[in-house]
Amino acid sequence: MEEYGKILIIATPIFLVLIIIEKIYGIYKKDDTAPLIDSVSSISSGITNSVKDVLGLSLTFISYEWMVSKIAIFHLEANILAYCIAFIAIDFYGYWSHRWAHQINLFWNKHAIHHSSEEFNLACALRQPIASLANLFTFLLIPAALLGVPATVIAIALPLHLFLQFWYHTKHIKKMGILEYILVTPSHHRVHHAINPEYLDKNHSQIFIFWDKLFGTFQAELDTVPPVFGITRPANTWNPIRINFQHLALLIKDAWRTESWKDKLTIWFKPTGWRPENFEEKYPVNKIENVFDFDKYGTQNSQKLIYWSVAQVLITLLFVTYLFDNIAKIGLPNIFIYGFFILITIYSYTELMDKSKYSVFWEGLRFAIAIGIILYYGDWFGLNRVLSFSNYIILGYLSFSFLITIYFVTVDFKINQNQPLNSLTTK
């Protein structure tokens, strides 16, 4: 946990700088593909996922280390060859786990968050799941285990493999010549994120594109079919925690409603989007039928709400950085209390971004939790040792945030409901 936290402290500012560069470049080219409020939601999703991972809130049924101890034919040293084998094995593992996440109802729940943005930019790469609480696919690493690749090599290669998938989430890089035949490029991944019928469930590869060509899921980006992004059942919320469980909620409802016991048992493993017979008519859900004719979610917002949301996510990143940098000092079970506070924080300000009146409740709950923490521990998880007046800073910020939330719900949202659409920003 602590080592991964340290890695994230290094990686996060790099990601943020690249996101900012993409934003500036888009403005300069008059082709801004990264609306601020969408980016805030994406970064918030990345925070929830990283907190979950650092706290170890996931279960692995078969560990890679156990597989190596049982089935290894050779025993490689942690050298360049071992890392190369590990990287290819992880990419094979990534292709199939990614493909099944798109093709099986239950597994789509953990992946829908990544596709939920109706934009395509570097920030949306950070939309990663908190719903993936169990790792069922470790067996896909059997080829590496057979060759005796050390578990330490896999542990290092896995986050590296994940981080290398960041760069190709952009519309600004067009086709890349010969690299299109070797690597997953922005063009390939635009196809993957698109909801056009021509592009659905294509290009599942993560680093090397040859897996799609080998297993029949490759589709080139067509000049005549511009990709349209999102999910066919749009999330209609900026709240990443709610997005993480929307599809699961629908599956549970459908399994409960259907009278067929066969459907109750098999709905989880049917193709993604499958519902019992006539359910689309009996229990309709919002679904995009024409990808070139639908309204993107949440494009009409006041500048005040947008800038406040940006401020909130940046302040939250400061809270998260302190957690990641002090995991050992904070210790158990306090890191879970801290993690819970972060999740409530994100739930609160993204509810405000959704213009929900209940955001006042969530902000009040966050404020109450923070007061309880400071009263019980005497300070903010040892921060007073670094900054003697930290209690006043944190309580002052949370008081101000609570008042601002009340202002938005009682004043700003009502004012902007009465304004014509062309008076509001779409970015």
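## An enclosed helix

In this predicted model, helix α5 has a long list of buried residues: Asn-105, Phe-107, Trp-108, Asn-109, His-111, Ala-112, Ile-113, His-114 and His-115. Because nine of the eleven residues in α5 (residues 105-115) are buried, this helix is largely enclosed by the rest of the structure.

What do the buried residues of α5 pack against? Their partners are α2 (36-54), α4 (80-103), α8 (186-193) and α10 (240-257).

## How α2 meets α13

Let's follow α2 to another of its neighbours. Its axis and that of helix α13 (residues 303-325) come within 10 Å, crossing at roughly 20 degrees. With an angle under 35 degrees counting as roughly parallel, α2 is therefore roughly parallel to α13. The crossing is left-handed.

On the α2 side, the contact includes Leu-36, Val-40, Ile-43, Ile-47 and Val-51; on the α13 side, the residues met include Leu-305, Tyr-307, Val-313, Leu-317 and Phe-324. By type, the residues of this contact are 15 nonpolar, four polar and no charged.

## Two nonpolar cores

The largest nonpolar core holds 54 residues, and those touching the most other members are Ile-47, Phe-319, Tyr-338, Phe-341, Ile-342 and Trp-380. Elements giving two or more residues to this core are α1 (2-28), α2, α13, α14 (327-330), α15 (334-353), α16 (359-377) and α17 (390-417).

Take Tyr-338 as an example: neighbours within four places in sequence aside, Tyr-338 is in contact with Phe-319, Tyr-322, Leu-323, Ile-330, Trp-380 and Phe-381.

There is also a second, separate core of 25 residues, with Ala-82, Ala-86, Trp-96 and Leu-141 among them.

Note on methods. Residues numbered from 1 in each chain as written. Predicted model: local features only at pLDDT ≥ 70, side-chain atom pairs only at ≥ 80, totals over all residues. Heavy atoms only, no water. Buried < 20%, exposed > 50% of the residue type's maximum accessible area, 1.4 Å probe, protein only. Helix = DSSP H or I, 4+ residues; strand = E, 2+ residues; numbered from the N terminus. Contact = heavy atoms within 4.5 Å. Axes fitted to C-alpha atoms, helices over the stretch in contact; angles between N-to-C directions. Parallel < 35°, antiparallel > 145°, perpendicular 65-115°, else oblique. Left-handed = near helix turned anticlockwise from the far one by under 90°. Nonpolar A, V, L, I, M, F, W, Y, C, P; charged D, E, K, R; others polar. Core = buried A, V, L, I, M, F, W, Y, C linked by side-chain atoms within 4.5 Å.
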